Amino acid sequence: MNEVTLPDGKEPAAAFQALQQELGRWFERSADHLRPQTVVVLPSLSLDQEVLGKITGVLQYEQRLLCLLLLLRYPNTRVVYLTSDPVPQSIVDYYLHLLPGIPRSHAMARLTLIACHDSSARPLTEKVLERPRVIARLRAAVAPDAPAHLTCFNVSPLERSLALALGLPVYGCDPDLLPLGSKSGSRRLFRKAGLLIPDGAEDLRDAGDIGEGLVALKARNPGLRRAVVKVNEGFSGEGNAIFDFRGEEAPDCLRAEMTDRLARLRCVAAGMGWPAFEEKFVEMGGVVEAFVEGKVKRSPSAQYRVDPLGRLDVVSTHDQVTSGTGGQVFEGCRFPANAAYRLEVQEAGLAAAEELRAAGVLGRFGVDFVSVREAEGWRHYALEINLRKGGTTHPFLMLQSLTDGHYDPETGTFRSPSGRPLYYYASDNLAAPQYRGLTPDDLIDIAVEHGLHFHTSRQEGVVFHLIGALSEFGKLGLVCVAGSERGADRLYRETVAVLDRAGMPEAAR
């Protein structure tokens with residue numbers, strides 16, 4: 001997709017870097033939350049649309065960043081929120097009523113919602129760039145006498161184009177650095193940082209490379225049972241596939257059968273077969289890795305942020321909840337990660353984060369691991385880097401905004417202002433056929449009637465997101481906050497049970 005043409009002849013990359021310098025100057029004074037500012041929220045999923053299309057209700061994922069409406073708790077902050085389709089007022093009201101100490105009318109006066117009225121399967125940013133009048137409305141919504149910036153789900157060349165068109169910096173990673181977060185780039189950076197990674201090979205280009213990578217893996221480890229083939233730009237496990245070896249087969253026999261064996265590769269993405277996967281692999285490139293086996297295995301991740309002044313912060317750790325073929329699909333997460341290894345994972349990820357900071361990465365990112373319990377302790381294999389806001393970002397932002405608490409990297413815990421530890425279970429994928437037809441108003445009524453709604457005074461309860469996907473797709477997201485891990489899990493189970501009953505026909509309840 002073409003980037004904007006700059007009238008002064010500058011290359012987009014150079015012009016973007018110059019624009020980003022404004023962010024550092026603004027950030028030096030941003031600690032004052034009473035200072036006027038405008039935050040333009042661009043929740044575009046500017047990723048591969050074919051893989052993205054495998055996710056049910058994916059257009060509604062633009063609503064995951066509605067948690068940023070809680071920035072309106074700062075009385076001089078304006079928020080501009082862009083979407084493909086309009087966000088129903090009932091959903092907006094749901095978030096505004098979560099604001100502590102801010103009247104709804106005051107918040108609404110500082111909120112601008114802009115929709116493209118275009119539900120086509122394309123990135124939101126592409127739709128905005130096609131609409132000069134939408135861009136004009138965006139410019140008019142930004143206060144001219146106060147700092148402003150864009151915050152995005154991910155930053156691709158599309159977001160760079162929009163930033164240049166608006167003259168607004170982006171609090172996010174320069175798209176020229178995105179290869180660092182590809183599957184191949186992740187392996188190279190992990191190796192440089194001295195982290196343990198699964199045996200494998202990166203920078204592969206086609207089926208022949210995949211076959212040779214698999215043969216080499218088996219030759220080095222004759223007992224290997226499975227391998228994972230990953231396209232470089234896959235996400236949430238949707239760009240992965242599982243290859244099964246047949247016992248102690250000889251490398252030469254494996255090579256001779258490779259064409260037929262690849263045709264039976266088990267793709268994680270629903271409905272994707274080998275021909276489509278191969279086409280995507282040739283387009284993007286990818287890696288082959290040994291599948292990490294283990295009787296007791298977890299999928300922790302660690303999140304970090306590099307601010308515009310170059311300072312690196314540890315943000316959080318999570319245990320990811322996975323499902324699907326080979327446990328490759330992200331379903332949800334627990335915060336924080338298990339106490340047995342959370343600080344080990346945080347420290348390992350920090351080595352990669354330091355390398356990313358040195359390379360010039362800006363904003364939030366995550367480092368994913370797979371961890372296996374062995375006799376001497378936990379063994380952590382670094383898997384991939386996500387240079388974007390991920391499935392663990394919005395739950396943590398909600399926790400911060402609702403409680404005004406803080407993360408303590410010394411203990412890996414989050415504490416409220418009173419010192420109480422807080423935990424949550426979060427998911428983007430709570431779905432059931434009987435939820436179809438429940439409206440946002442129904443959901444709010446059900447939550448209030450059953451005492452599930454988040455209580456600011458108790459700092460416990462459930463916060464819902466992806467509410468727009470509920471009625472059509474029977475799907476929604478939620479963050480269940482409690483004072484213990486067990487309490488958060490119990491609250492999640494109670495919420496599921498309540499919604500299951502509410503979605504049944506009245507006679508069956």
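In this predicted model, the side chains of Asp 313 and Arg 305 meet in a salt bridge, with 3.3 Å from N to O. Side chains of opposite charge can pair when their charged atoms come close. Asp 313 is partly exposed, having a relative accessible area of 29%, and Arg 305 is likewise partly exposed, with a value of 23%.

This pair belongs to a wider set, for the structure holds 32 salt bridges. Three of the pairs are listed here with the separation of their N and O atoms.

| Acidic residue | Basic residue | N to O distance |
|---|---|---|
| Asp 313 | Arg 305 | 3.3 Å |
| Glu 257 | Arg 261 | 3.3 Å |
| Glu 283 | Lys 280 | 3.5 Å |

How exposed or buried are the partners in the second pair, Glu 257 and Arg 261? Glu 257 has a relative accessibility of 31% and therefore counts as partly exposed, whereas Arg 261, with a relative accessible area of 5%, is buried, because buried means under 20%.

The third pair can also be placed within a helix, since Glu 283 and Lys 280 both lie in helix H12, which covers residues 274–284. Within helix H12 these two residues are 3 residues apart, which corresponds to about one turn of the helix. Lys 280 has a relative accessibility of 6%, so this residue counts as buried.

Salt bridges can also join several residues, and which residues are linked in such a network? Asp 118, Arg 122, Glu 126, Glu 130 and Arg 131 are the residues that a network of salt bridges links together.

Conventions:
Residues numbered from 1 in each chain as written. Predicted model: local features only at pLDDT ≥ 70, side-chain atom pairs only at ≥ 80, totals over all residues. Heavy atoms only, no water. Salt bridge = Lys/Arg side-chain N within 4 Å of Asp/Glu carboxyl O. Buried < 20%, exposed > 50% of the residue type's maximum accessible area, 1.4 Å probe, protein only. Helix = DSSP H or I, 4+ residues; strand = E, 2+ residues; numbered from the N terminus.
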